[in-house]
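Student: I have a new structure open and no idea where to begin. Can you walk me through it?
Tutor: Sure, let's take it piece by piece.

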Number of protein chains: 2
Amino acid sequence: MQSVYVSGVGMTSFGKDPRPLVEIFCQAGQQALTGSKEQDVEAIYIGAMNPEEFTGDSNIASQIAEELGLTGIPAVRIETASSAGAAAIQAGFQAIASGYYRRVLVLGGEKMTHLSTSATTRILAEVIDKQERQCGATMPALAAMITEKYRQRFRLSHSALEDMLCGVALKNHFNGSRNPLAQFQRAITREVYLASKFIATPLRLYDCSPITDGAAAVVLTSEKTDVRLSGIGQGTGPVSLRERDVFTSFPATRIAAARAYQMAETSPQGIDFAEVHDAFTPFEIISTEDLGFFPPGKGGEAVIEGKTALEGPFPINPSGGLKARGHPVGASGLAQIVETTKRLRGQTQSKRPVKRGLTQSTGGLGTNNFVTILELADQPVVQNPGLPWSPPPPAAGGKKTTSRPRPISDEGEIETFTIVYVTPDGFLPPLALALVRDRNGELVMAQGEDTAHLKIGREVYLKRLDDFYLFTVKSQLQKVQESLKRLLRRGAGSAAKAERTAEEKP
Amino acid sequence: MQSVYVSGVGMTSFGKDPRPLVEIFCQAGQQALTGSKEQDVEAIYIGAMNPEEFTGDSNIASQIAEELGLTGIPAVRIETASSAGAAAIQAGFQAIASGYYRRVLVLGGEKMTHLSTSATTRILAEVIDKQERQCGATMPALAAMITEKYRQRFRLSHSALEDMLCGVALKNHFNGSRNPLAQFQRAITREVYLASKFIATPLRLYDCSPITDGAAAVVLTSEKTDVRLSGIGQGTGPVSLRERDVFTSFPATRIAAARAYQMAETSPQGIDFAEVHDAFTPFEIISTEDLGFFPPGKGGEAVIEGKTALEGPFPINPSGGLKARGHPVGASGLAQIVETTKRLRGQTQSKRPVKRGLTQSTGGLGTNNFVTILELADQPVVQNPGLPWSPPPPAAGGKKTTSRPRPISDEGEIETFTIVYVTPDGFLPPLALALVRDRNGELVMAQGEDTAHLKIGREVYLKRLDDFYLFTVKSQLQKVQESLKRLLRRGAGSAAKAERTAEEKP
């Protein structure tokens, strides 16, 4: 396979950008071309999640080629929800690795701030499962339910979890304050974090990445440069929450990481720093565990202990991450590559020498994830240091078209839950949502009749209205009444059986 | 570069399909997997133009992986407007050619028939230029304007052009009648063609491909099979009509063909048959010229002479083409690959042996085009027979971001025109549209104040309302009056000059 190197990189100032999307793309593209030794790219690979609905731009690949003055050159658009920028890098990588092209321009971008928050939330929520959306689920709501499950799985107190999430937010905002292209240029305090409103419990405003305009660009080439793209991998996972076997890890990341480490002949121990997809602060913690940097359940402690700080032993999101750099969905996966390349080249404020960086990008709710490894091409790198990376368990949770789920029964218990305070149009806050496991073991998303008494494991009644489910937490009285009824039925059953036995006896 | 082969192929019955889009995709995918020697694909490449707006499906790559029971496997979606299926094949090709994957499933599909014709037309029209759309231009309207220009460029009478277009329609409907998966299963007569209403002059209903649901699938592999993907190329062109230097050819096809012929070490003379993108009948004619099968202006005669008929010396669209097979936009580029593979394998009704077939797919109004060459892997093929293919002129017509167009003057002449009878919402038929070349040589799309006296070269007045232009054809009287005014001004100028000269003399 032909080796692939990074030449010029470019990135717009993330935040609110009044220019048309195509112009934003072109600024990043021109910058990457200007920074490259050779400017004559043979093709353009463009990552964009949904320019059709965000800005009304269709046929965007041809539009961008034309606006760059490169009409004639092949141009394609790649999409994998919010990891589209990483998907574009992978497609560009494969095109160069095959020898089909020698030099390509990879772009990623999105324009989102011109719409209302509710319109943006609606478009972003289209990537999640329809039944779950119908109950009022949004991306933050589902992320919150995963976070609550994480808290319970690793037996964390509410305040311990809060410390961890706050730790990620403070760290990434501090890092963003050192990045001149980041959307948020100011560090925040614990008081500011705690004063921010809940979006969906336990996630606050400062746990969620912002709505952003921006684009990033990278020139990939077969000619040797100072930075080599040495590993890349991708994996998918179930779209809905209810099809998952595991909630506190994203198997798609583990699959992607296994391939990337194997290709780069390295392991988590061989990585010096990483940019991971912190669309929500808990996702940074989960990702660092899925990538093998910390054991399951230990990612949060690492943040609190300062291990992942800008000048700590293992910096995570030194650029500020999606949280502070901003999250123009189609750009983020590529912005990570730009930031990592700059850091390897010593072009960021931190001058500590590094040899190998990793990026991890997430599409949807962990459904389409990428891992990429970049390293200095000239420096001798110890291959496969430390323990070898253990491959993830085989892909699981795939819904077979042949096995249809069983009908949902009218009782179950809460698998995880959240109270949503920023709701989609048509839903009034506060909105209680729970993933309920019914008596047959099937999972279903349901809306709560009220927001009280929510806890993982609590028993509920389920009511169905077409594809929509309502749940009610059983009261102590109801549970006692039910036990009595069961006892009575059993008693009645025993009595009836005794009668039958008596009758049968001659 | 690793050789790439076609294994199993699959295709749904094109037409109206009541199933959800993801299920349609999966039927084609399952069929291709079942037809393959090995079923364990390593990745999925999906071509889809706009599932977000057609069916409300976002994150479709993850959805399809899950529905196929392949969760975990990498899956990406590729888009280049109406050539998305071909773009997916190219991405899959590059992935295998690089050695990154050994076996991938490529899918292309779209679901469109559930929407009203006006809604579908609006979504399809998003791929064209915004200013041209604001004047009421649709895809058929722009295709019609290209056709009128073709007629004038090659000095064809109205009836000669009609014969050619009718020839394409009759041939492709006849071919469709032999294809059990085609949307239209009946041959049509000249009378039926002539009785069909105008969509945009000179294009009738039977010159336009239908609105269709459907999906196609191909398994690509590095293991040798009977069919090799020996050449593939892509090119882009200007999005708008007004940025074009040439109207009667699509340079994007010529760029794509040059690369594909070079890769496959062949030329137009080495091809036995072709599937080309006949979204409109004139586009089949133009494509066969761009591909080098016939000289410019001679593609129509070839149809009338029967050269491109099903059993003619050089069959074009033996499957029925987009015209009769149907045109689910994201599927078409891949359906061509499926049909060509089947024909090479002798699985179509025509049993005439063939060795090498070509497919050509068009994105938008010729803005993002692909050419692919498939050939029998085991049969000895004479390389590069006949004359070598002359490479196209360098890419032209690219709009440089630095050179802004000059303001449009208030007079000009008609470069090409059409009368639109099926108009987008908000525009009443009949609607006159013209591409007008102003006094500075700039082109602009304008709406006519009436539909009379339209002819290429005719002088018009231009009126501007924001980004919208209105044109009025100058009458003979107005032209005489203008000449008089010019003469008078010149006379007055001469007199003034004479006076000044007199004064200067002492």
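Student: Where is Phe154(A) found?
Tutor: Phe154(A) sits in the loop between helix H7 (139-153) and helix H8 (158-176) of chain A. Helices here are DSSP runs of H or I with at least four residues, strands are E runs of at least two, and both are numbered from the N terminus.

Student: Any ground rules for reading all this?
Tutor: The model is predicted: local features need pLDDT of at least 70, side-chain atom pairs count only at pLDDT 80 or more, and totals for chains, interfaces and linings use all residues. Residues are numbered from 1 along each chain as its sequence is written, chains are lettered from A and ligands numbered from 1 in the order in which they are written, and side-chain values use heavy atoms, with hydrogens and water left out.

Student: Back to Phe154(A). Does it count as buried or exposed?
Tutor: Phe154(A) counts as buried, at 17% relative accessibility. The cut-offs are under 20% relative accessible area for buried, over 50% for exposed, and partly exposed in between (1.4 Å probe, protein chains only).

Student: What does Phe154(A) touch?
Tutor: Leaving aside residues up to four places away in sequence, Phe154(A) touches Thr248(A), Pro296(A) and Gly297(A). Contact means heavy atoms within 4.5 Å.

Student: And how many Å separate the C-alpha atoms of Phe154(A) and Phe417(A)?
Tutor: They are separated by 16 Å. Along the chain, the two residues are 263 residues apart.

Student: New topic: salt bridges. How many does a search of the whole structure find?
Tutor: The search finds 59 over all chains. The rule asks for a side-chain nitrogen of Lys or Arg within 4 Å of a carboxyl oxygen of Asp or Glu.

Student: Why would such side chains pair at all?
Tutor: Side chains of opposite charge can pair when their charged atoms come close.

Student: Which residue meets Glu415(A) in a salt bridge?
Tutor: Arg437(A) does, at 2.9 Å from N to O. This pair links distant parts of the chain, 22 residues apart: Glu415(A) is in strand E12 (residues 411-420) and Arg437(A) in strand E13 (residues 431-438) of chain A. Glu415(A) is buried, with a relative accessible area of 12%. Arg437(A) is partly exposed at 29%.

Student: Got one from chain B?
Tutor: Yes: the side chains of Asp378(B) and Lys224(B) form a salt bridge, 3.0 Å from N to O. Asp378(B) lies in the loop between E11 and strand E12 (411-420) of chain B, and Lys224(B) in the loop between strand E7 (214-221) and E8, so the pair ties together parts that are 154 residues apart in sequence. Both Asp378(B) and Lys224(B) are exposed.

Student: Which residues do salt bridges with shared partners join into one network?
Tutor: Glu411(A), Arg439(A), Glu459(A), Lys474(A) and Glu482(A).

Student: What about strands? How many residues of E14 in chain A are buried?
Tutor: For strand E14 (residues 443-448) of chain A, 6 of its 6 residues are buried. E14(A) pairs antiparallel with E13(A) over 5 bridges. Two strands pair if DSSP finds at least two bridges between them. Val436(A) has Val444(A) as its bridge partner in E14(A).

Student: What joins E13(A) and E14(A)?
Tutor: They form a hairpin with 4 residues between the strands, where Gly441(A) takes a positive phi near 90°. On to another partner: E14(A) runs parallel to strand E16 (residues 468-473) of chain A, joined by 2 bridges. There, Gln447(A) has Leu470(A) as its bridge partner.

Student: Last stop, the interface. How many residues does each chain give to the contact?
Tutor: Chain A gives 69 residues and chain B gives 69 residues. Together they bury about 5,100 Å², 45% of it on carbon and sulfur atoms. Buried area is the accessible area (1.4 Å probe) that two parts lose on being put together, summed over both. Asn59(B), Glu66(B) and Tyr100(B) supply 15% of the area that chain B buries against chain A, more than any other three residues.

Student: How many salt bridges cross the interface of chain B and chain A?
Tutor: The rule finds 4. Lys130(A) forms a salt bridge with Asp57(B), with the closest N and O atoms 3.5 Å apart.

Student: Which strands bridge the two chains?
Tutor: Strand E3 (residues 75-79) of chain A runs antiparallel to E3(B), joined by 3 bridges. Ile78(A) stands opposite Ile78(B) there.
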